Amino acid sequence: MLDRLLPAGLLGPAAALARARSLIAAGRRAGAFPLLARAAAAGLAEAEFHVARCYFEGAGAPPSPAEGLRWLERAAERGHVEAQNLLATLCLQGVVSPGTRVEDALFGTVMPPPRDTDWQRARVWAERAAEAGSPEGQATLAFI
């Protein structure tokens, strides 16, 4: 009911993110997307991370791996540790590698050719996450 009375455009970025968090916790990621988009456009890293997930999952936005990756990288650059961990993992899995189109890697209808692991890029993101105190980042860095 609150969502009908208070449109996303009337909330500031921090309030939009807070409301989006509650919607996500209630399992309504698609409904949270407009709020997340507003907060992400204002440069809030957590919102950028959630917008990326919405694009990857097609929740509230059409599935778009390219947009998901773009928002994920923005969040990671701003220091969002979960985004850094996810990028490191995607690089290790060869999903994000030089010469690989993200759309083909994530949603291709045919089996993609083997991709190379981007060890260098994975290490950069794992180091950043590890330096921020992330156990997942530290484990990924130890693996690398």
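**Exercise 1. Identify which residues of the largest nonpolar core touch the most other members, and which helices supply it.**

Solution. Start with the term: a nonpolar core is a set of buried Ala, Val, Leu, Ile, Met, Phe, Trp, Tyr and Cys residues joined through side-chain atoms within 4.5 Å. Buried means under 20% relative accessible area, exposed over 50%, and partly exposed in between, with a 1.4 Å probe and protein chains only. The largest such core has 32 residues, and Leu36, Val51 and Leu72 touch the most other members. At least two residues each come from helices H2 (13-25), H3 (29-41), H4 (45-57), H5 (65-77), H6 (81-92) and H8 (119-131). H4 gives the most, with 7 residues. Helices here are DSSP runs (H or I, at least four residues), and strands are E runs of at least two, numbered from the N terminus.

The model is predicted: local features need pLDDT of at least 70 and side-chain atom pairs count only at pLDDT 80 or more, while totals for chains, interfaces and linings use all residues. Residues are numbered from 1 along each chain as its sequence is written, and side-chain values use heavy atoms, with hydrogens and water left out.

**Exercise 2. List the residues that Leu36 touches, not counting residues up to four places away in sequence.**

Solution. Contact means heavy atoms within 4.5 Å. With that sequence filter, Leu36 touches Leu17, Ala20, Ile24, Ala47, His50, Val51 and Cys54. Of these, Leu17, Ala20 and Ile24 are among the buried residues of H2.

**Exercise 3. Classify the ring pair of Phe33 and Tyr55.**

Solution. Rings of Phe, Tyr and Trp (its six-membered ring) pair if their centres lie within 6.5 Å; planes under 30 degrees apart count as stacked, over 60 as edge-to-face and the rest as tilted. The count by this rule is 2 aromatic pairs. For Phe33 and Tyr55 the centres are 5.5 Å apart and the planes stand at 85°, so the pair is edge-to-face. Phe33 lies in H3 and Tyr55 in H4, 22 residues apart. Both residues are buried.

**Exercise 4. Determine how the buried residues of H2 are arranged around its axis.**

Solution. First collect the buried residues of H2: Ala16, Leu17, Ala20, Leu23 and Ile24. Next take the arc, defined by the directions from the helix axis to the C-beta atoms. The buried residues fall within an arc of 120°, so they line one face of H2. Finally check the face turned away from this buried side: it carries the exposed residues Ala14 and Ala25. After H2 comes Gly27, with a positive phi near 80°.
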